[in-house]
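Here's a walk through one protein model, written for someone who would rather think in side chains than in statistics. Have the 3D view open as you read.

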Amino acid sequence: MPVLDIKTFPDPVLNRACRQVREVTQEVRELARDMAETMYQAPGVGLAAPQVGHDLRLVVVDCSEPEEGQNPIVLINPRIVEAEGATVFEEGCLSVPEYTCDVERYERVVVEAMDLDGEPITIEGEGLMAICLQHELDHLEGRLFLDRISPLKRSMYKKRRLKQIKKDQA
Ligand code: NI
């Protein structure tokens, strides 16, 4: 079981824009650590604070190959400063159970953020890392990959998901 409870669609915390982290406090460091643990246990390659119920601009990503071990990258107040190209990848999300769909995104992005020491960092991502960064940063704006697919596909998933929730509650 993940250490933190992962919020799933249609939980309203997932579609709110998040607040800037003003100061890297002990609380923020602990949240980042717990998020990383939750991400590895899920397992996933990225997790954003709203997915565990915090409306803070904080994400954890790790797109390492299994043989490379765990290399979590914590990004505080991240923003995309460069983006180019286009790529399509079949995305999923820990907050969107039992669904994947092709999503178009930039092929390469550069993200500036702050690390857990409050120092500025720059991350350049291509391929899976670029997709992961854009997906996680979307979460901070209250956007899911569902918001980047066709309205028809989105409404079909919504219907199926709400039916499933009703069934689970019965
Ligand atoms: Ni996600």
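Which side chain does Arg79 meet in a salt bridge? Glu112 is the partner, with N and O 3.1 Å apart. Keep in mind that this is a predicted model.

**Salt bridges between strands 3 and 6**

Arg79 sits in strand 3 (residues 73-84) and Glu112 in strand 6 (residues 108-114), so this salt bridge ties together parts that are 33 residues apart in sequence. Glu112 is partly exposed, at 31% relative accessible area.

There's another bridge to look at here: the side chains of Arg108 and Glu82 meet at 3.4 Å, N to O. Arg108 belongs to strand 6 and Glu82 to strand 3, so the parts being tied together are 26 residues apart in sequence. Arg108 is buried at 15% relative accessibility, while Glu82 comes out partly exposed at 41%.

As background, side chains of opposite charge can pair when their charged atoms come close. Searching the whole structure turns up 12 salt bridges. Three of them are set out here.

| Salt bridge | N to O distance |
|---|---|
| Arg79 and Glu112 | 3.1 Å |
| Arg108 and Glu82 | 3.4 Å |
| Arg143 and Asp138 | 3.2 Å |

The Arg143 and Asp138 bridge in the last row pairs a partly exposed residue, Arg143 at 34% relative accessibility, with a buried one, Asp138 at 5%. Salt bridges that share partners join Glu91, Arg105, Asp138, Arg143 and Arg148 into one network.

**Glu91 and its surroundings**

Glu91 is a good place to pause. It lies in strand 4. Is Glu91 buried or exposed? With a relative accessible area of 3%, Glu91 counts as buried, because anything under 20% falls in that class.

What does the side chain of Glu91 touch through polar contacts? Arg105 is one partner, its side chain 2.7 Å away, and the side chain of His135 is another, at 2.9 Å. Beyond its neighbours within four places in sequence, Glu91 is also in contact with other residues, among them Tyr99, Thr100, Cys101, Val103, Ile131 and Phe145.

Strand 4 itself pairs with strand 5 (residues 96-105): the two run antiparallel and are joined by six bridges. Together strands 4 and 5 make a hairpin with two residues between them. If you want a landmark for how they line up, find Phe89, which stands opposite Val103 in strand 5.

**The nickel ion**

His135, already met as a polar contact of Glu91, has another job in this picture. Which protein atoms are the donors of the nickel ion? They are SG of Cys93, NE2 of His135 and NE2 of His139, at 2.1 to 2.2 Å from the ion. Along the chain, these donors are spaced as C-x41-H-x3-H. Cys93 in strand 4 (residues 87-93) and His135 in helix 2 (residues 128-140) are 42 residues apart, so the pair links distant parts of the chain. Two of these donors are out of the way of solvent by the numbers: Cys93 is buried, with a relative accessible area of 13%, and His135 is buried at 7% relative accessibility.

**Aromatic pairs**

Now for the rings. A pair of aromatic rings is described by the distance of the centres and the angle of the planes. The count for this model comes to three aromatic pairs.

Phe9 and Tyr157 form a tilted pair, with 5.9 Å centre to centre and 50° between the planes. This pair links distant parts of the chain: Phe9 is in the segment before helix 1 (26-41) and Tyr157 in helix 3 (residues 151-169), 148 residues apart. Both of these residues, Phe9 and Tyr157, are buried.

How are the rings of Tyr99 and Phe145 arranged, stacked or tilted? Tyr99 and Phe145 are stacked, at 6.2 Å centre to centre and 15° between the planes. Tyr99 comes from strand 5 and Phe145 from the loop between helix 2 and helix 3, and the two are 46 residues apart. Tyr99 and Phe145 are both buried, and each is also in contact with Glu91.

Ring pairs link Phe9, Tyr99, Phe145 and Tyr157 into a cluster.

Conventions
Residues are numbered from 1 along each chain as its sequence is written. This is a predicted model: local features need pLDDT of at least 70, side-chain atom pairs count only at pLDDT 80 or more; totals for chains, interfaces and linings use all residues. Side-chain values use heavy atoms; hydrogens and water are left out. Donors are N, O and S atoms within 2.8 Å of the metal (3.2 Å for Na, K and Ca); water is not among the atoms, so sites may look incomplete. Helices (H or I, at least four residues) and strands (E, at least two) are DSSP runs, numbered from the N terminus. Buried means under 20% relative accessible area, exposed over 50%, partly exposed in between (1.4 Å probe, protein chains only). A salt bridge is a side-chain nitrogen of Lys or Arg within 4 Å of a carboxyl oxygen of Asp or Glu. A polar contact is a pair of N or O atoms within 3.5 Å; within protein, one must be able to donate a hydrogen and the other to accept it, and residues adjacent in sequence count only if both atoms are side-chain atoms. Contact means heavy atoms within 4.5 Å. Two strands pair if DSSP finds at least two bridges between them. Rings of Phe, Tyr and Trp (its six-membered ring) pair if their centres lie within 6.5 Å; planes under 30 degrees apart count as stacked, over 60 as edge-to-face and the rest as tilted.
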